[in-house]
Amino acid sequence: MPAGVMIPARNMPSMITGNGNGFGTSSSGLTLGQQQPNNMVEGQLHPLEMTQNTLESEFARTKDDEFDSTNKSGSENHELGGSGDDQDPRPNKKKRYHRHTQHQIQEMEAFFKECPHPDDKQRKELGRELGLEPLQIKFWFQNKRTQMKTQHERHENTQLRTENEKLRADNMRYREALTTASCPNCGGPTAVGQMSFDEHHLRLENARLREEIDRISAIAAKYVGKPLANFPLLSSPVPPRPFEYGAQPVTEEMYGVGDLLRSISAPSEADKPMIIELAVAAMEELIRMAQMDEPLWMASLDGSTCVLNEEEYIRTFPNGIGTKPTGFKSEASRETAVVIMNHVNLVEILMDVHQWSTLFSGIVSKASTLDVLSTGVAGNYNGALQVMTAEFQVPSPLVPTRESYYLRYCKQHAEGTWVVVDVSLDNIRPSPTIKCRRRPSGCLIQEMPNGYSKVTWVEHVDVDDRGLHNLYKQLVSSSHAFGARRWVATLDRQCERLASLLASNIPAGEIGVITNQDGRKSMLKLAERVVISFCGGVSSSTAHTWTTLSGTGADDVRVMTRKSVDDPGRPPGIVLSAATSFWLPVSPKRVFDFLRDENSRSEWDILSNGGAVQEMAHIANGRDPGNCVSLLRVNSANSSQSNMLILQESCTDSTASFVIYAPVDIVAMNVVLNGGDPDYVALLPSGFAILPDGTDGDIADASGSGGSLLTVAFQILVDSVPTAKLSLGSVATVNNLIACTVERIKASLSCDNA
């Protein structure tokens, strides 16, 4: 039945026309849908569930509306109390009508144009003005809305009928042309077999694909517990979702260098049943890991974290993914937080590899989806199953990245509760090069009021960390580097950043605050690209080849060259990257405040040539004042030199802080501030990654006794010709630049510390 056609209540059993838990789309993503009113099905009946036990009650509610809907102009109604007369079997009782006056109709028509859905207060006010009861007003507006929808649908049907007739005529013309077709070579009639050869092969291919879908549906129904009859075609890509975070996929960053994970192919057909079975078992384990306490999880000595009891874990989950490989160590952590993001949007980000890798760009250096075994049920991610690869990082060249080949499975555990689980597929396809194996890890997401979500994150891996530098061993073992605390802290900070991006009530009183909504979005998008490029290029990834220059050992400078060609987001030519990591006997918060402050920038920034730095504009994107995107101007001390603009993003949470910046062109930045496309602004970001050394608590504790692990990284364009050879003089210049910067930072902070 086409949408908009009314069916009289006497001929239809009651229908459930809405679901209070349904989802609708809005400008910012999926939102809870509005339930249709029960007293009137306005213009559309949804054929969902048909229940017989509500037939009498639904009939009683709708019989008044049935008579009103037959009034074509909406100008006639029963007198109050007489709406049921048409159902009275007695023939000698007359029906009572009330015909609205022309003035009443004109007034209600005018009000309908302004507000077709008046509320109770508006109906009462209009009734007082026109001398009608609110119920009469209500019935008139219901009839009017039904009339308008019927007219609209009649018009659409007329258009469709016209188009249908046109298609019929075209079809007949093509049929006649086919019957008289001739061979272009010999001029004789064309054989029917030759005409349908391609069609025959397409039909065979279609039948084969349908058999494949039926087979996979049967497997999924066996293991997942529900059939895939309503699933989209498994061979089709994941449909676009209305909520999108980020614009630049991390997998395309850093000049497209190949790596080990790219060589892993999608799973074979024989592997898929085992993958589905593993996903279901991993989901059950993660839910129990997230909800159980002692004796599985034991409180740490200071009570700030949970420690996994490995003996109890083996007893609780004897049928896991196997024993720990020789030489590997286990890392397990759990963390809970409440974040400012709707649970549906959060699930959507986690199941979209580009949005997920963008959100966690400080942790995920590269990620890709190899295969999608299921896209979910009924337009959401319930039952979605993907096979993925990812590379996890700490922003330092001294910490090897962790590559993982795993599945990701999403399931709605209960009303308002979703679970997303990862588990490695190394048992299905063993590889001697993989040094990190993910046991069931992920998060349990619970809906909270006012658009918030409660997230319980579990990270559980077996890892070979024998290549880890001694400087970072304490940090990695404390779960600040790869553990659940870092994932949750990053998620909380990024949710605040996204909320600031969507905010519309920006106060205009403060100097330098960007209030133009399009300008804010473009500037935040550009700053996001700066952060992604920096984080993806500073780690010890398998795609990077770092060369260590001679130094003192722990704080050796490592350099790497890349070619930038046909990339509008980077200047073309030879780019030289240099990075080093070292320890400072100062708390991370003090280091962060010193580096992000424009007033102290001249103490360490050699490229500013001693010029004064002034903040021209900024966007606050979190509760912490350190979470901010700023546009800085360097006023050159030499009058012959032009002033320089710097785009800087500073961000901090309990596990890591970043101060990342990039020189920008003044003309291009004006375009961005006016809402222009930021993807064509050429950038080479440099900056700092600040981590705690693992000996003390959170990074925000300025008075703590722990020190800081600081990574300094520069990207310099040494030649604008991509085919040019790198000179030793360029390497020496960059080496001296980073060495002088490190010495200046140490000198300034040691004086402050003294």
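Begin by selecting Asn450, which is exposed, with a relative accessibility of 75%. The model in the viewer is predicted. Asn450 sits in the loop that runs between strand S13 (441-447) and strand S14 (453-463). Its phi is near 60°, a positive value in a residue other than glycine. Most residues other than glycine have a negative phi, and most peptide bonds are trans.

The second half of that statement leads to the next stop. Select Glu294 and Pro295, which are joined by a cis peptide bond with omega of about 5°. Pro295 belongs to the loop between helix H7 (272-291) and strand S5 (297-299).

Next, select Val338, Ile340, Met448 and Tyr452 together. These residues form a nonpolar patch on the surface, and their combined accessible area is about 300 Å². Val338 is part of strand S7 (residues 329-339). Its relative accessibility is 43%, so Val338 counts as partly exposed, a class that lies between the limits of 20% and 50%.

The tour now turns to the interior. In soluble globular proteins, nonpolar side chains tend to be buried together. Select Trp356, Phe360 and Trp457: these residues have the most contacts inside the largest nonpolar core, which has 76 residues. Helix H13 (residues 517-538) gives the largest share of this core, 9 residues. The core lies between domain 2 (269-501) and domain 3 (524-751), because both domains give residues to it.

Keep Trp457 selected and display its surroundings. Apart from neighbours within four places in sequence, Trp457 is in contact with residues including Ser333, Arg334, Glu335, Leu350 and Phe360. Also among its contacts are Gly442, Cys443, Trp487 and Leu491.

For a second, separate core, select Val557, Val634, Leu710 and Ile745, which are among its 31 residues.

Move next to Asp677, in the loop between helix H15 (666-673) and strand S22 (686-692). Asp677 is partly exposed, with a relative accessible area of 40%. Add Leu526 to the selection: the two residues are 151 residues apart along the chain, yet their C-alpha atoms are separated by 8.9 Å.

Finally, display the whole protein chain. Its secondary structure comprises 16 helices and 23 strands. Of its 754 residues, 47% are buried. Among contacts with a separation of 6 or more, 67% are between residues 24 or more positions apart. The chain exposes about 37,200 Å², and carbon and sulfur atoms supply 53% of this area.

Terms used:
Residues numbered from 1 in each chain as written. Predicted model: local features only at pLDDT ≥ 70, side-chain atom pairs only at ≥ 80, totals over all residues. Heavy atoms only, no water. Patch = residues over 30% accessible without salt bridge, like charges linked within 9 Å, V, L, I, M, F, W, Y side chains within 5 Å. Areas by Shrake-Rupley, 256 points an atom, 1.4 Å probe, with all protein chains shown as cover. Salt bridge = Lys/Arg side-chain N within 4 Å of Asp/Glu carboxyl O. Helix = DSSP H or I, 4+ residues; strand = E, 2+ residues; numbered from the N terminus. Buried < 20%, exposed > 50% of the residue type's maximum accessible area, 1.4 Å probe, protein only. Core = buried A, V, L, I, M, F, W, Y, C linked by side-chain atoms within 4.5 Å. Domains from an automatic or database assignment. Contact = heavy atoms within 4.5 Å.
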